[in-house]
Amino acid sequence: MPPRVAEPTCVLEVPPPTAAGPALPAFGMAVRSKPSSVEIARRITRAWVRYHCPLPGEQVDALLVVMSELCTNAVQHGRCDSFDVRGWMPAAGELRLEVDDKTPSTLPSPENLESDAESGRGLFLVDILINELGGTWGFSEDGSCAWCALPLPGTGR
């Protein structure tokens with residue numbers, strides 16, 4: 001019987017310590033590619049960020065809007081049964097989050113839409129919020145993985 005994707009699960013993992021110092025916190029999870037999974041990914045990301053990252057509440061809220069938009073794009077445009085959400089600190093004072101729908105595509109970008117358009121502003125919103133948070137964002141070369149990186153306050157970055 002082939003493996004199947006379970007209902008959304010979370011596997012918290014901490015990379016092993018290196019010679020450079022202790023391991024920094026990380027998490028990864030695979031969730032079914034369906035609209036209700038966006039809220040699950042958001043809740044787990046919120047818990048991890050609040051526990052590990054010194055971000056004020058309003059910045060956490062803005063970051064969670066970004067994650068919701070990136071996860072929604074994975075559900076709407078991905079062609080797999082699941083997508084992956086990952087978070088880690090590649091260095092002290094830095095936070096990186098990824099949403100990987102495993103579906104190579106042309107690189108998405110924010111769109112200028114008519115004022116009466118009912119959808120399509122997600123990446124525009126991501127761009128504004130990440131800029132306000134002092135971070136960067138983008139997609140992998142093949143367009144399958146959206147990412148954002150933020151400096152964490154109080155770390156001299």
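Two rings of Phe, Tyr or Trp (for Trp, the six-membered ring) make an aromatic pair if their centres lie within 6.5 Å; planes under 30 degrees apart count as stacked, over 60 as edge-to-face, and the rest as tilted. Two aromatic pairs of this kind occur in the structure. The first to visit joins F27 and W48, a tilted pair with 5.1 Å from centre to centre and 50 degrees between the planes. This pair links distant parts of the chain, since F27 sits in strand β2 (residues 26-32) and W48 in helix α1 (residues 36-52), 21 residues apart. Helices (H or I, at least four residues) and strands (E, at least two) are DSSP runs, numbered from the N terminus. In the other pair, the ring centres of W137 and F139 are 5.9 Å apart and the planes stand at 70 degrees, so this pair is edge-to-face.

Are F27 and W48 buried or exposed? Both are buried, where buried means under 20% relative accessible area, exposed means over 50%, and partly exposed is in between (1.4 Å probe, protein chains only). W137 is buried as well, with a relative accessible area of 17%.

**How to read the model**

This is a predicted model, in which local features need pLDDT of at least 70 and side-chain atom pairs count only at pLDDT 80 or more, while totals for chains, interfaces and linings use all residues. Residues are numbered from 1 along each chain as its sequence is written, and side-chain values use heavy atoms, with hydrogens and water left out.

The pLDDT is the predictor's confidence in each residue, from 0 to 100. Its mean over the protein is 82, and 76% of the residues reach 70 or more. Over residues 1-17 the pLDDT is below 50, and this stretch has 30 contacts in the model beyond near neighbours in sequence. A contact means heavy atoms within 4.5 Å. Where pLDDT is low, the predicted coordinates should not be read in detail.

**The overall layout**

The protein has three helices and six strands. Along the sequence they follow the pattern β-β-α-α-β-β-α-β-β. Of the 157 residues in the protein, 38% are buried. Among contacts between residues at least 6 apart in sequence, 57% join residues at least 24 apart.

**Strands side by side**

Two strands pair if DSSP finds at least two bridges between them. The table lists three such pairings.

| Strands | Bridges | Direction |
|---|---|---|
| β2 and β3 | seven bridges | antiparallel |
| β3 and β4 | five bridges | antiparallel |
| β5 and β6 | four bridges | antiparallel |

Strand β3 (82-88) appears in the table with β2 and with β4. One residue lets you follow both pairings: D84 in β3 is the bridge partner of A30, and D84 also stands opposite D100 in β4. Five of the seven residues of β3 are buried, so this strand is largely enclosed by the rest of the structure.

Two hairpins are worth finding. β3 and β4 form one with five residues between them, and G93 in the turn has a positive phi of about 85 degrees. β5 and β6 form another, also with five residues between the strands, where G143 takes a positive phi near 75 degrees. Across the β5 and β6 pairing, G138 stands opposite W147 in β6.

**Inside the protein**

A nonpolar core is a set of buried Ala, Val, Leu, Ile, Met, Phe, Trp, Tyr and Cys residues joined through side-chain atoms within 4.5 Å. The largest one here has 36 residues, and L63, V85 and L95 have the most contacts inside it. Among the elements that each supply at least two residues of this core are β2, α1, α3 (122-132) and β6 (145-151). Helix α2 gives the most, with ten residues.

What does V85 touch, leaving aside its neighbours within four places in sequence? Its contacts include F27, A41, M67, C71 and V99.

**Towards the outside**

Q76 lies in helix α2. At 56% relative accessibility, Q76 counts as exposed. Q76 and K34 are 42 residues apart in sequence, with 8.4 Å between them in space, C-alpha to C-alpha.

K102 belongs to the loop between β4 and α3. Its phi is near 60 degrees, a positive value in a residue other than glycine. With 34% relative accessibility, K102 counts as partly exposed.
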